[in-house]
Amino acid sequence: MRYRLTFVVGLAVGYVLGTKAGRERYEQLRKSAQQVAQNPAVRNTAESAAQQGKHFADKAYHVVSDKVGDRMPDSVAHRVRSLRGRGSNGSGPDDWGTSNT
């Protein structure tokens, strides 16, 4: 799915950059992209994917921390704890621009 999305985005960018239709066609494409991005189904899917990514990252963190143990530098351990402390308490967007909803 990721490769298809990358292909479609690349195709759209290439079309916009390579078209001779000018500004009018660009505005049509931009408007269509905004409509898709504002679609509640698309937004929900993006949020679900972000939450799933966080869940898998949390699992990976536990697996790595079990193997690494106390050998992790304090600066890294502190940063991870601060990120995990935010959790999903609705504190707004995280470092990657996704909300914690």
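Start by selecting arginine 30 and glutamate 27: both sit in helix α2, three residues apart, or about one turn of the helix. The model you have open is a predicted one, so treat this as a tour of a prediction.

**Stop 1: the pair in α2**

Show the side chains of arginine 30 and glutamate 27, and you will find them meeting in a salt bridge, 2.7 Å from N to O. Side chains of opposite charge can pair when their charged atoms come close. The spacing helps too: an α-helix has 3.6 residues a turn, so residues three or four places apart point the same way. How many salt bridges are there to look for? The count comes to one.

Now switch on a surface and ask: are these two partners buried, partly exposed or exposed? Arginine 30 has a relative accessible area of 36%, which makes it partly exposed. Glutamate 27 is partly exposed as well, with a value of 25%, because buried would call for under 20%.

**Stop 2: the whole fold**

Zoom out and colour by secondary structure. You should see four helices and zero strands, following the pattern α-α-α-α along the sequence. Of the 101 residues in the protein, 7% are buried.

**Stop 3: helix α1**

Select residues 2-18, which form α1. How many of the 17 residues of α1 are buried? The number is zero, so this helix lies largely in the open. Try a distance between its end C-alpha atoms: they are 24 Å apart, in agreement with the 24 Å that 17 residues should span at 1.5 Å a residue.

**Stop 4: the second largest pocket**

Next, select Val8, Val9, Ala12, Ala33 and Val36. Among the 15 residues lining the second largest pocket, these lie nearest its centre. The pocket has a volume of about 510 Å³. Which elements give two or more residues to its lining? They are α1, α2 (23-38) and α3. Colour the lining by class and you will find twelve nonpolar, two polar and one charged residues.

**Stop 5: helix α3**

Move on to residues 40-68, helix α3. At its start, look for a side-chain oxygen of asparagine 39, which reaches to within 2.9 Å of the backbone nitrogen of alanine 41. Then run the end-to-end check again: the 29 residues of α3 should span 42 Å at 1.5 Å a residue, and the end C-alpha atoms are 41 Å apart, which agrees.

**Stop 6: alanine 77 in α4**

Finish by selecting alanine 77, found in helix α4 (residues 74-86). Is alanine 77 buried or exposed? With a relative accessible area of 14%, alanine 77 is buried, because the cut-off for buried is under 20%. Add serine 65 to the selection: the two residues are twelve apart in sequence, and their C-alpha atoms are 9.5 Å apart in space.

Key:
Residues numbered from 1 in each chain as written. Predicted model: local features only at pLDDT ≥ 70, side-chain atom pairs only at ≥ 80, totals over all residues. Heavy atoms only, no water. Expected span 1.5 Å × (residues − 1). Polar contact = N/O pair within 3.5 Å; in protein donor to acceptor, adjacent residues only side chain to side chain. 1 Å grid on protein atoms, 1.4 Å probe; cavity = no way out; pocket = protein on both sides within 12 Å on 5 of 7 lines; lining within 4 Å. Points joined across faces, edges and corners; volume = space filled by probe spheres on them. Nonpolar A, V, L, I, M, F, W, Y, C, P; charged D, E, K, R; others polar. Salt bridge = Lys/Arg side-chain N within 4 Å of Asp/Glu carboxyl O. Buried < 20%, exposed > 50% of the residue type's maximum accessible area, 1.4 Å probe, protein only.
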